[in-house]
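Here is a short report on a protein model. Please look over the sequence and the fold before reading on.

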Amino acid sequence: MSRESIFNKIRKKVDKEYAEELRAEALAEKERKKQEAIAAYKTKRTLTVEKFFEAAGLKFPSSLGDIRDCVISGFTADPKRLDEKAILMYWGGPQSSKYDYDALALAQEKNCLLIITDTPCDYHHTLFIGETDETGESLICSAYIRASHYIKSLHKAKVIAVTGSVGKTSTKEMIESVLRQHYKAPLISRGNKNSMFAVTENIQNLKRTTAVYLQEVGANTHKVVEISARQLEADIAVYTNIGHSHIENYGSQEAIASDKLSLSRFGKPAGVAIINYDDEILRSHRFTQKVITYSLNNPAAMFYAVNIDKNDGGYDFTLVDSRGKTPATLSARINVLGEHNILNAAAAFAVGTVLGLDEDEILAGIAAYRPSGMRQNLIEPGGYHVFADCYNSSLISVNSSLDTMDAMTLPAPGGRRIAVLGDVLELGDISAETHRQIGRAVAAHNVDLFLGYGKNIKLAVDEAAAAGKDARYFDRKKDMEDVLRKTMTSADIILFKASHGINLGSSIDCLFGTDMNERSIIGQKLFRLETHGDFEYYIFEDSVSVKRYLGEGPHPQVPPFIETAPFSLESNENGVDCDINPQTARLTVEKIGRTAFRGMTHVKRVTLPEGLVTICAGAFKGSGLTELDAPHSLLSVGDEAFAECADLTKVILPESIFKLGENVLENSPLAVLEYKK
């Protein structure tokens, strides 16, 4: 090899090593800056009591010197969300309308770090602020909003807020499906958690890396949306419609509109309002922000649908983007029933375009959306066909659900369309007429049997019956369930629709052995825990579920019912809340919960009562169970219910059981399933 070749070889090696060294230094510098940024963020995000006062724009009082340097876990206006390191900010105003208890007493019970209040309180760490500003607003409210702004200022997340009288949760979920196609960890408000309390909590859940934050915003009285709007300062405000929900508290549709439109009034000046062009109030409102319009099929809107084709549990359609000189057309699909979901898809597409997402990503997100739980969910427990849509209700949404059921193909000849409807709540003076209109809507649709439960729904039943429909009214839910149980067949389609406070979801769980409603109720903490005998129970409105066996005996007997005070569910801006019914009732034990006997090796045999409908997933997993004879009333057994039971020899189930989960006997080597008539 020549001297020149050797020299070139050495030079290439040196150059390569030098390049690798530079690359390593660049990566190290990048990591150093990242760690510095993280450290700076943590310093700003960690709030002591004194720093919190600074963030909230309040003067720190010397009387709180002993907790000056205490690090807080957060702040809230809801005493139910407190812990020992949290600050309660309590003032008389919209948020206090939710309290059906002594808020300050609850805060003291929870031993929170500090109470800032405009109501005299003798708690050891209390700051009284009784002053208001020139508009009459409490200075505590202003400080609450400033504290939220401080937390938000530490993050770069784009804020998307969704509001409306009907459809805001399903629209939010469609948008969420689009966002998850692009963003790794978007912050999304859960379920219908849409109160100002939820907004405050979610703002405090923002992370340094959060790129987008999607929040549903709702309310039940004046200015509650406004307070949320002022906290959020949304980049994108999405409006579904302006209806009559909560008109009992607002007094007029105009007042509802004013509060909901505050999302834009207090949004970013350079932000965007995405509005349903089919809503007259939204269409005529003069927004100060840039406006993007969407519609189901109105070509005057920027985004709308044509060529709608229902098939295979969803719709294929052409989405038109008319913003350019030449309208663009895109082939789209949603895999959910109900044409109103095409409207939701148009709103989600509009959001995606504002964020600059790729069209294919947006369309994939729209197609990926699936309903869940008690909202527009078509399920088939035990071969029955149930259209569960009882998360909320209004005249508009009842009509939409009936339209959707009309379009469904009956499972078999001779099948019927059965509508189980309950009250629409919080309508005030228009309640009677609205329920009469619901009855007329039932009469105008292809409903073969109408079962009504509640108080005001009787007016709907009377209207439908007068029009010749088979319509029956029930003032007891159990009576309605008994009639439906006797009359329904697998050839029918059965719609359940009511305001969430009517709790028709409990009927679905009871009749079909599902646990959708129970999981929703537990997720919203709308239950009470009680111990009776050897068992801890979840107490619900009209049933109980075994949470856990507390005894030491090998042969526990689950009672068929317990005597206790049930909950009454009441609607509010969070959807629904609980009050204790003062009258003791005999509540049926309907479910064996997921943790009831899990891992309890001392349990050998369990006696289950008639009336039990569900054994939840994993209920006996890892227990010492040797055999189990289930009652004839049992309808459902969840996944892995009897898994990893080394001594289990047999489980006897009724032949009439609707659902048997997966891996029920996994790693239970001696066990077999037997069936009885």
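How many of the nine residues of H6 are buried? Eight of them are, so H6 is mostly covered. The model behind this and every other value here is predicted.

## Helix H6

The buried residues of H6 begin with Met196, Phe197, Ala198, Val199 and Thr200. Asn202, Ile203 and Gln204 are buried too.

## Cysteines without partners

How many disulfides does the structure hold? It holds zero. A disulfide is a covalent bond between the sulfur atoms of two cysteines.

Take Cys112. Its sulfur lies 8.5 Å from the closest cysteine sulfur, in Cys121. A disulfide needs the two sulfurs within 2.5 Å, so Cys112 and Cys121 are too far apart for a bond. Cys616 is in no disulfide either. For Cys616, the nearest cysteine sulfur belongs to Cys510, 13 Å away. Both cysteines are shielded: Cys112 is buried at 2% relative accessibility, and Cys616 is buried at 4%.

## Salt bridges

The model has 31 salt bridges. One of them joins Arg190 to Glu176, with the closest N and O atoms 3.4 Å apart. This pair links distant parts of the chain, 14 residues apart. Arg190 sits in the loop between strand S6 (187–188) and helix H6 (196–204). Glu176 belongs to helix H5 (residues 168–179). Are the two partners buried or exposed? Arg190 is partly exposed, with a relative accessible area of 46%. Glu176 is buried, at 10%.

Two further bridges involve residues from 476 to 481 in sequence. Arg476 pairs with Asp479, and their closest N and O atoms are 3.0 Å apart. Arg476 is partly exposed at 47%, and Asp479 is partly exposed at 30%. Lys478 pairs with Glu481 at 3.6 Å, N to O. Lys478 and Glu481 both lie in helix H17 (residues 477–487). They are three residues apart, about one turn of the helix. Lys478 is partly exposed, with a relative accessible area of 29%. Glu481 is buried, at 2%.

Salt bridges also form a network. Which residues are linked in it? They are Glu137, Glu226, Arg230 and Arg265.

## Where H4 meets H7

Helix H4 (residues 139–153) and helix H7 (residues 224–232) have axes that come within 8 Å. The axes cross at roughly 35 degrees.

Which residues make this contact? From H4 come Cys141, Tyr144, Ile145, Ser148, His149 and Lys152. From H7 come Ile227, Arg230, Gln231 and Leu232. The contact residues divide into five nonpolar, three polar and two charged. Arg230 appears in this contact and also in the salt-bridge network.

## Arg333 in strand S13

Arg333 lies in strand S13 (residues 328–334). Is Arg333 buried or exposed? Arg333 is buried, at 18% relative accessibility. The cut-off for buried is under 20%.

Two polar contacts involve the side chain of Arg333. One, of 3.0 Å, joins it to the side chain of Asn311. Another, of 2.9 Å, joins it to the side chain of Asn335. Beyond its neighbours within four places in sequence, Arg333 is in contact with Asn311, Asp312, Gly313, Gly314, Tyr315, Asp316 and Phe317. Ile366 and Ala367 are also among its contacts.

## Ala103 in helix H3

Ala103 is in helix H3 (residues 103–109). At 4% relative accessibility, Ala103 is buried.

Which residues does Ala103 touch, not counting those up to four places away in sequence? They are Pro79 and Tyr90. Ala103 and Pro79 are 24 residues apart in sequence. In space, their C-alpha atoms are 6.0 Å apart.

Notes. Residues are numbered from 1 along each chain as its sequence is written. This is a predicted model: local features need pLDDT of at least 70, side-chain atom pairs count only at pLDDT 80 or more; totals for chains, interfaces and linings use all residues. Side-chain values use heavy atoms; hydrogens and water are left out. Buried means under 20% relative accessible area, exposed over 50%, partly exposed in between (1.4 Å probe, protein chains only). A salt bridge is a side-chain nitrogen of Lys or Arg within 4 Å of a carboxyl oxygen of Asp or Glu. Helices (H or I, at least four residues) and strands (E, at least two) are DSSP runs, numbered from the N terminus. A polar contact is a pair of N or O atoms within 3.5 Å; within protein, one must be able to donate a hydrogen and the other to accept it, and residues adjacent in sequence count only if both atoms are side-chain atoms. Contact means heavy atoms within 4.5 Å. Axes are lines fitted to C-alpha atoms, for helices over the stretch in contact, and angles run from 0 to 180 degrees between N-to-C directions. Ala, Val, Leu, Ile, Met, Phe, Trp, Tyr, Cys and Pro count as nonpolar, Asp, Glu, Lys and Arg as charged, and the others, Gly among them, as polar.
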